[in-house]
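Here's a quick tour of one protein chain, written for someone who'd rather be at the bench. Have a look at the picture, then read on.

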Amino acid sequence: DLINRINELQQGPAKKKSSEELRETHTLWEALHRELDSLNGEKVHLEEVLSKKQEALRILQMHCQEKESEARRLDVKGQLEDLTGQHKDLWEFHMLEQRLAREIRALERSKEQLLSEQAGPELPRPRDEA
């Protein structure tokens with residue numbers, strides 16, 4: 001019985017030290033667990049932010065593509081309007097050229113007629129084939 005009592009007294013400080021170490025370990029474990037929870041919460045938040053930023057980037061890229069497409073359409077439209085205007089100018093010039101050619105021929109006929117009337121009743125002059 002005395003030996004048991006001596007053993008208990010000797011184990012007391014060791015047991016007390018073990019209990020203290022166990023409490024410290026448990027406290028450290030709880031602190032690490034809280035930090036892990038906090039980091040997991042931060043991870044979820046950062047994943048949400050990333051998702052929103054990726055969606056914003058996708059929208060901006062689509063908007064940019066639409067603007068580039070619109071700019072190409074406007075460029076093609078402008079080129080078409082330029083070509084249409086050039087074609088109209090050329091057509092108007094050609095019509096004016098034809099009208100002037102008809103007027104010149106009419107004036108030449110009038111001139112020939114006047115010259116023949118001034119010359120008297122001669123034989124008609126041969127016309128230039130135009």
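## A greasy spot on the surface

Which residues make a nonpolar surface patch of about 250 Å²? In this predicted model, the answer is Leu96, Leu100 and Ile104.

Take Ile104 as one of the three. Ile104 sits in helix H1, which covers residues 2-119. With a relative accessible area of 47%, Ile104 is partly exposed. Patch members need over 30% relative accessible area, so Ile104 clears that bar.

## The overall picture

So what does the chain look like as a whole? The protein chain has 1 helix and 0 strands, and that helix is H1, residues 2-119.

How much of the chain is buried? Buried residues make up 0% of the 130 residues. Buried here means under 20% relative accessible area. The chain exposes about 12900 Å², and carbon and sulfur atoms supply 58% of that area.

## Two salt bridges along the helix

How many salt bridges are there? The count comes to 2.

One of them pairs Arg58 with Glu55: their side chains meet at 2.6 Å, N to O. Both residues lie in helix H1, 3 residues apart, or about one turn of the helix. As for exposure, Arg58 comes in at 39% relative accessibility and counts as partly exposed. Its partner Glu55 is also partly exposed, at 36%.

The other bridge links Arg99 and Glu103, with the closest N and O atoms 3.2 Å apart. This pair is in helix H1 too, with the two positions 4 residues apart in numbering, again about one turn of the helix. Arg99 has a relative accessible area of 42%, which makes it partly exposed. Glu103 lands in that category as well, at 37% relative accessibility.

## Why "partly exposed" keeps coming up

Why do Arg99 and Glu103 count as partly exposed? The label applies between the 20% and 50% cut-offs. Arg99 is at 42% and Glu103 is at 37%, so both fall in that window.

Methods: Residues are numbered from 1 along each chain as its sequence is written. This is a predicted model: local features need pLDDT of at least 70, side-chain atom pairs count only at pLDDT 80 or more; totals for chains, interfaces and linings use all residues. Side-chain values use heavy atoms; hydrogens and water are left out. Patches are made of residues with over 30% relative accessible area and no salt bridge: like charges are joined within 9 Å, nonpolar side chains (Val, Leu, Ile, Met, Phe, Trp, Tyr) within 5 Å. Accessible areas come from the Shrake-Rupley method with a 1.4 Å probe; for residues, only the protein chains shown count as cover. A salt bridge is a side-chain nitrogen of Lys or Arg within 4 Å of a carboxyl oxygen of Asp or Glu. Buried means under 20% relative accessible area, exposed over 50%, partly exposed in between (1.4 Å probe, protein chains only).
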